[in-house]
Amino acid sequence: MDVFNFLGRTREARLKLEQHRQRLYRIAYAWTHNAALADDLVQETLAKALKKSGQLRDPNAGDAWLYSILANCYHDHFRRLRSAEEIDENTLTHESTPEKESSEQEIVLKVRAAIARLAEGQRQVVTLVDIQGLSYLEVAQILNVPIGTVMSRLCRARYALKDLLGELAPKLAAEETKIRRIK
């Protein structure tokens with residue numbers, strides 16, 4: 001990855017920076033469910049990446065390196081707040097949004113809510129593997145845990161999501177049947 005071409009100030013470098021910023025924002029938002037906090041985490045991540053760009057040993061591991069910085073920023077943020085804020089007092093802003101006009105949006109909201117109900121470690125692994133498409137090894141490096149831990153967290157998360165989203169299964173099965181008939 002050419003994360004470090006950010007300093008090059010070329011148009012191509014700016015486009016790459018924007019692509020990485022958007023991916024980092026989606027991950028941060030999935031973890032926090034707070035747009036302002038996600039923006040702050042991404043900004044902090046990119047600032048640290050630019051400042052510490054000389055420490056990256058393998059240029060091909062740039063994506064994983066960026067995600068691990070984001071994970072560290074995420075943990076640092078909650079470590080700073082731990083003594084001042086109760087977790088139970090946090091309000092999930094996505095539940096109060098009135099955007100439920102189509103059934104697709106409703107499904108997306110239900111899936112997001114189900115992911116938000118997962119334990120923190122499971123939520124991080126599901127976000128990185130199932131949503132971002134990273135390999136188990138990359139996720140293990142990002143979260144600094146053994147690959148077996150990634151696999152077990154992912155398995156538990158998928159079972160939990162299956163239970164939480166059980167109401168959607170018949171709808172999806174019916175839609176899948178329609179699609180097969182069309183083919």
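**Chatting over an all-helix model**

Helix 1, helix 4 and helix 5 each put at least two residues into the lining of the second largest pocket.

Colleague: Before we get to that pocket, how many helices and strands are there in the chain?

Modeller: Keep in mind that this is a predicted model. Reading from the N terminus, the elements go α-α-α-α-α-α-α-α. The count for the chain is therefore 8 helices and 0 strands.

Colleague: Back to the pocket, then: which helix gives the most to the lining of the second largest pocket?

Modeller: The pocket holds about 260 Å³ of space. Among its 13 lining residues, R26, Y29, A30, R112 and I131 sit closest to the centre. With 5 residues, the top contributor to the lining is helix 1.

Colleague: And how do the residues of that lining divide into nonpolar, polar and charged?

Modeller: Both domains have a hand in it, as domain 1 (1-95) and domain 2 (99-182) each bring at least three residues to the lining. By residue class, the lining of the second largest pocket comes to 8 nonpolar, 3 polar and 2 charged.

Colleague: T32 is in helix 1 too. Is T32 buried or exposed?

Modeller: T32 belongs to helix 1, which covers residues 11-32. Leaving out residues up to four places away in sequence, T32 touches L37, A38, L41 and Y74. Its relative accessibility is 12%, and the cut-off for burial is under 20%, so T32 counts as buried.

Colleague: What about the largest nonpolar core; which helix supplies its largest share?

Modeller: That core has 39 residues, and L128, V139, I142 and L143 touch the most other members. Helix 1, helix 2 (35-51), helix 3 (62-81), helix 4 (103-117), helix 5 (120-131), helix 6 (136-143) and helix 7 (147-164) each supply at least two of its residues. The largest share, 9 residues, comes from helix 3.

Colleague: Where does this core lie relative to the domains?

Modeller: Both domain 1 (1-95) and domain 2 (99-182) give residues to the core. So the core lies between domain 1 and domain 2.

Colleague: Which residues does L143 touch, not counting those up to four places away in sequence?

Modeller: L143 is one of the core residues that touch the most other members. With residues up to four places away in sequence set aside, L143 touches A71, Q124, V125, L128 and R153.

Colleague: Last one: what percentage of the contacts between residues at least 6 apart join residues at least 24 apart?

Modeller: The chain has 183 residues, and 33% of them count as buried. For contacts between residues at least 6 apart in sequence, the part joining residues at least 24 apart is 59%.

Key
Residues numbered from 1 in each chain as written. Predicted model: local features only at pLDDT ≥ 70, side-chain atom pairs only at ≥ 80, totals over all residues. Heavy atoms only, no water. Helix = DSSP H or I, 4+ residues; strand = E, 2+ residues; numbered from the N terminus. Buried < 20%, exposed > 50% of the residue type's maximum accessible area, 1.4 Å probe, protein only. Contact = heavy atoms within 4.5 Å. Core = buried A, V, L, I, M, F, W, Y, C linked by side-chain atoms within 4.5 Å. Domains from an automatic or database assignment. 1 Å grid on protein atoms, 1.4 Å probe; cavity = no way out; pocket = protein on both sides within 12 Å on 5 of 7 lines; lining within 4 Å. Points joined across faces, edges and corners; volume = space filled by probe spheres on them. Nonpolar A, V, L, I, M, F, W, Y, C, P; charged D, E, K, R; others polar.
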